[in-house]
Amino acid sequence: MSLVNILNIQVLDNPTSFNNPFQFEITFECNAPLKDDLEWRMIYVGAAESSEHDQVLDSIMVGPIPVGTNKFIFSADAPKIELLPKKDLLEVTVVLLSCLYNDKEFVRVGYYVNNEYTDEVLRENPPEQIIIDRLQRNILADKPKVTRYTIDWTNPENTIPQQAEQNVDQDMMV
């Protein structure tokens, strides 16, 4: 049983300019006292074919966590454009929110992100050089993919065998 469950994630400032920060309001419940803080990571997937261009936009420690319902806003700057493959700037990619306890990931929420020009002429005939200031980011907030992993909440040294880690629970909605 997970001691922490996500109740809701609201995508804020969406759609928005590509260069604007990502902002998520995260509501979760804690079912028992936690000895350590939770680590939240926001990861931008730079290219579908490889993790080489993925960027950790931010990683924060949240705690101490009281038992009950908790809420916070997780924001991070847009990805560094110079680290992204130009061919993958337009179209669909993914942003991931990941939560870890004692360096063990127990939940990951993925959202599809569509980057496109706001101007119809640019959308139909995109210039060879991307005009970043004219790009809009739209997170498909109503269709997150949630993956839950089983971890040992009481013993941080205990590692769960690989076979058990393969047993994940996936949902399409939070």
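Good morning. Of the 174 residues in this chain, 39% count as buried. I should say at once that this is a predicted model. The accessible surface of the chain comes to about 9900 Å², and carbon and sulfur atoms account for 47% of that area.

Let me turn to the fold. The chain contains two helices and 11 strands. Their order along the sequence is β-β-β-β-β-β-β-β-α-β-β-α-β. As for contacts between residues at least 6 apart in sequence, 64% of them join residues at least 24 apart.

I come now to the charged pairs. How many salt bridges does a search of the whole structure find? The search finds four, and I shall discuss three of these, beginning with Glu39 and Arg41.

The side chains of Glu39 and Arg41 meet in a salt bridge, with an N to O distance of 3.0 Å. Is Glu39 buried or exposed? Glu39 has a relative accessible area of 11%, and because the limit for burial is under 20%, Glu39 is classed as buried. Its partner Arg41, at 28% relative accessibility, counts as partly exposed.

The next pair is Lys87 and Asp88, whose closest N and O atoms are 3.2 Å apart in a salt bridge. Lys87 has a relative accessibility of 62% and counts as exposed.

Then there is the salt bridge between Asp119 and Arg134, where the closest N and O atoms lie 3.7 Å apart. Asp119 sits in the loop between strand S8 (104-117) and helix H1 (120-124), while Arg134 sits in the loop between H1 and strand S9 (135-139), so this pair ties together parts that are 15 residues apart in sequence. Both ends are partly exposed: Asp119 has a relative accessible area of 27%, and Arg134 has a relative accessibility of 36%.

The loop between H1 and S9 also holds Ile132, with which I shall finish. Ile132 is buried, at a relative accessible area of 17%. Which residues is Ile132 in contact with, leaving aside its neighbours within four places in sequence? They are Phe18, Asn19, Ile81 and Leu89. Ile81 lies 51 residues from Ile132 along the chain, and their C-alpha atoms are separated by 8.5 Å.

To close, I would draw attention to the loop between H1 and S9. Arg134, in this loop, is partly exposed and forms a salt bridge with Asp119. Ile132, in the loop between H1 and S9, is buried and is in contact with residues including Phe18 and Leu89. Thank you.

How values were computed:
Residues are numbered from 1 along each chain as its sequence is written. This is a predicted model: local features need pLDDT of at least 70, side-chain atom pairs count only at pLDDT 80 or more; totals for chains, interfaces and linings use all residues. Side-chain values use heavy atoms; hydrogens and water are left out. Buried means under 20% relative accessible area, exposed over 50%, partly exposed in between (1.4 Å probe, protein chains only). Helices (H or I, at least four residues) and strands (E, at least two) are DSSP runs, numbered from the N terminus. Contact means heavy atoms within 4.5 Å. Accessible areas come from the Shrake-Rupley method with a 1.4 Å probe; for residues, only the protein chains shown count as cover.
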